[in-house]
Amino acid sequence: MSQRSKETIPGPRGGILARHLTAYEADPAGFLDDCRRRYGDVFRFDTGVVVVTDPDLVAEVLARTNRDSVPNANPLQGGRFPTAEQTRRWMDARQLAAPTLRSAALPARLPAVRGALAADLDALDGTWFDPSEVCWAICVRALLPLYLPDESPALVDAVLASFDAARDTAEAAVRVPSWMPSRLRRRVRDADQRVRDTIVPMLGDGAPAGTDTMLGHIRSQPGAVPGDIAMGAMGFTLLGAIGTMGAAWCWILYYLAAHPEVADRVREEATAAPDVSGDPARALPYTWAFAQEVLRARPPAWLLGRDAVTSVTLGDVEVPAGTAIMFSPYLLHHDERWWPDDPQRFAPERWLGAGRPHAPGAYLPFASGPRGCLGSHLGLAVLALTAAHIATRKRLEVPGLDAVTTYFGPSTLTPSGMRARLTPR
């Protein structure tokens with residue numbers, strides 16, 4: 001089969017001032033899905049940007065990460081790709097963090113995670129709140145027991161400030177040459193430095209940390225861990241987790257309110273379970289399925305991408321180096337070709353069968369490949385524990401559900417216009 005170059009890939013034309021950019025901004029997911037139906041599973045969105053909507057091709061792109069492609073370049077760094085050494089050291093940090101975040105290591109710390117979640121949910125009692133405003137702090141505090149043996153308000157504040165700066169950068173979506181002064185760059189760097197300044201003293205502290213925490217695991221290494229690798233494992237895996245976790249936490253509340261019959265079933269299951277902290281996947285199979293379905297219906301990282309550092313062949317398309325290859329878990333999760341049981345329907349029970357309810361590679365709430373999320377089991381556990389606590393301990397009010405819209409942000413998918421209130425049951 002002959003290959004097509006990037007120039008011959010079908011798609012909307014017209015460059016940066018084209019009308020299709022306005023149409024995309026008005027309805028991002030709808031516009032991309034319309035392009036998929038019109039142009040096929042590989043289409044050119046704009047100059048230097050190709051979108052892929054076939055799960056097999058997406059899997060190829062993700063599997064080649066660190067070799068033929070890298071995560072999309074940081075716009076505040078002028079769009080520069082990470083060097084091979086930077087990539088190697090980040091992968092070393094991931095390897096260092098992995099034992100603490102793998103599913104087998106979680107039961108020892110999940111009771112503390114559950115306690116942190118319960119305390120934050122109880123603190124919301126009786127007040128009206130926007131879930132998208134409180135979720136990030138709740139998720140940081142819920143994850144912290146995996147990193148430290150004790151509470152650390154300073155680290156919570158530093159991580160939240162860094163996350164806010166990164167989100168504002170993504171919203172700005174502008175490339176700033178590395179030589180140009182930039183308030184955004186200064187804010188991001190200052191926030192990252194604050195995280196470093198908070199964590200470095202912990203790494204050098206001789207006080208016991210408990211080997212089941214990230215800090216204890218790092219201290220237990222036979223040799224000295226390089227500072228940037230320890231920092232990556234301690235601080236930046238935490239930063240990477242809260243975007244996905246926080247956005248999904250909002251949707252847990254939304255779907256509990258939108259589907260009272262689902263909330264009732266979660267309540268019945270959680271009430272009957274003797275212990276939900278050790279392994280929620282086993283203790284709460286329906287609640288776990290509910291969390292999986294929330295991540296399918298509203299994947300927090302709805303649009304992901306890789307930058308090709310070498311020429312990449314996708315099917316019969318030759319994509320040259322320097323091209324941004326984008327793909328959307330949201331589109332994959334709602335494509336009837338990959339989900340035979342009506343993907344537009346919210347149905348936790350689809351996950352309770354013996355086989356998977358989708359085509360291979362069509363479920364990507366945590367991405368995959370060398371840069372896939374280390375804490376996928378942890379993320380699902382936090383969401384399941386949140387759902388179980390609310391269903392059994394709280395009355396949840398979300399007025400005006402029909403008016404709640406989905407905000408397709410540059411980094412996360414969150415509900416817009418949602419107000420909620422929790423009261424003790």
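In this predicted model, helix 5 makes the biggest contribution to the lining of the second largest pocket, handing over three residues. Helix 5 covers residues 110-123, and it shares the job with helix 7 (153-172): each of these two helices supplies at least two lining residues. The pocket itself has a volume of about 260 Å³. In total, 14 residues line the second largest pocket, and those lying nearest its centre are Ala116, Arg141, Leu144, Glu151 and Ser152. What classes do the residues of this lining divide into? Eight of them are nonpolar, five are charged and one is polar.

Next comes the sheet. It is an open sheet built from five strands, and reading across it gives the order 1-2-8-5-3, with mixed pairing. Why is one side of strand 1 and of strand 3 left without a neighbour in the sheet? Strand 1 (42-46) and strand 3 (69-71) stand at the edges, and each has just a single partner strand, so there is nothing in the sheet on the other side. Going from one strand to the next, the twist averages 35 degrees.

Further in, strand 2 (residues 49-52) pairs with strand 8 (residues 324-327). The two run in the parallel sense, and three bridges join them. One pair to look for is Val50 and Ile325, as Ile325 in strand 8 is the bridge partner of Val50.

Helices pack on this sheet too. Helix 3, made of residues 55-63, touches strand 1, strand 2, strand 3, strand 5 (304-308) and strand 8. The direction of helix 3 makes about 130 degrees with that of strand 8. Helix 2 (residues 28-39), for its part, lies across strand 1 and strand 2. Relative to strand 1, helix 2 runs at about 130 degrees.

Finally, there is a helix-on-helix contact. Helix 11 (residues 260-272) packs against helix 15 (residues 376-393) at an angle of about 95 degrees, and their axes are 8 Å apart. Because of that angle, helix 11 counts as roughly perpendicular to helix 15. Which residues of helix 11 and helix 15 meet? From helix 11 come Ala263, Val266, Arg267, Ala270 and Thr271, while helix 15 brings Ala387, Ala388, Ala391 and Thr392. Sorted by class, the contact between helix 11 and helix 15 has six nonpolar residues, two polar ones and one charged one.

Note on methods:
Residues numbered from 1 in each chain as written. Predicted model: local features only at pLDDT ≥ 70, side-chain atom pairs only at ≥ 80, totals over all residues. Heavy atoms only, no water. 1 Å grid on protein atoms, 1.4 Å probe; cavity = no way out; pocket = protein on both sides within 12 Å on 5 of 7 lines; lining within 4 Å. Points joined across faces, edges and corners; volume = space filled by probe spheres on them. Helix = DSSP H or I, 4+ residues; strand = E, 2+ residues; numbered from the N terminus. Nonpolar A, V, L, I, M, F, W, Y, C, P; charged D, E, K, R; others polar. Axes fitted to C-alpha atoms, helices over the stretch in contact; angles between N-to-C directions. Parallel < 35°, antiparallel > 145°, perpendicular 65-115°, else oblique. Contact = heavy atoms within 4.5 Å. Pairing = 2+ DSSP bridges.
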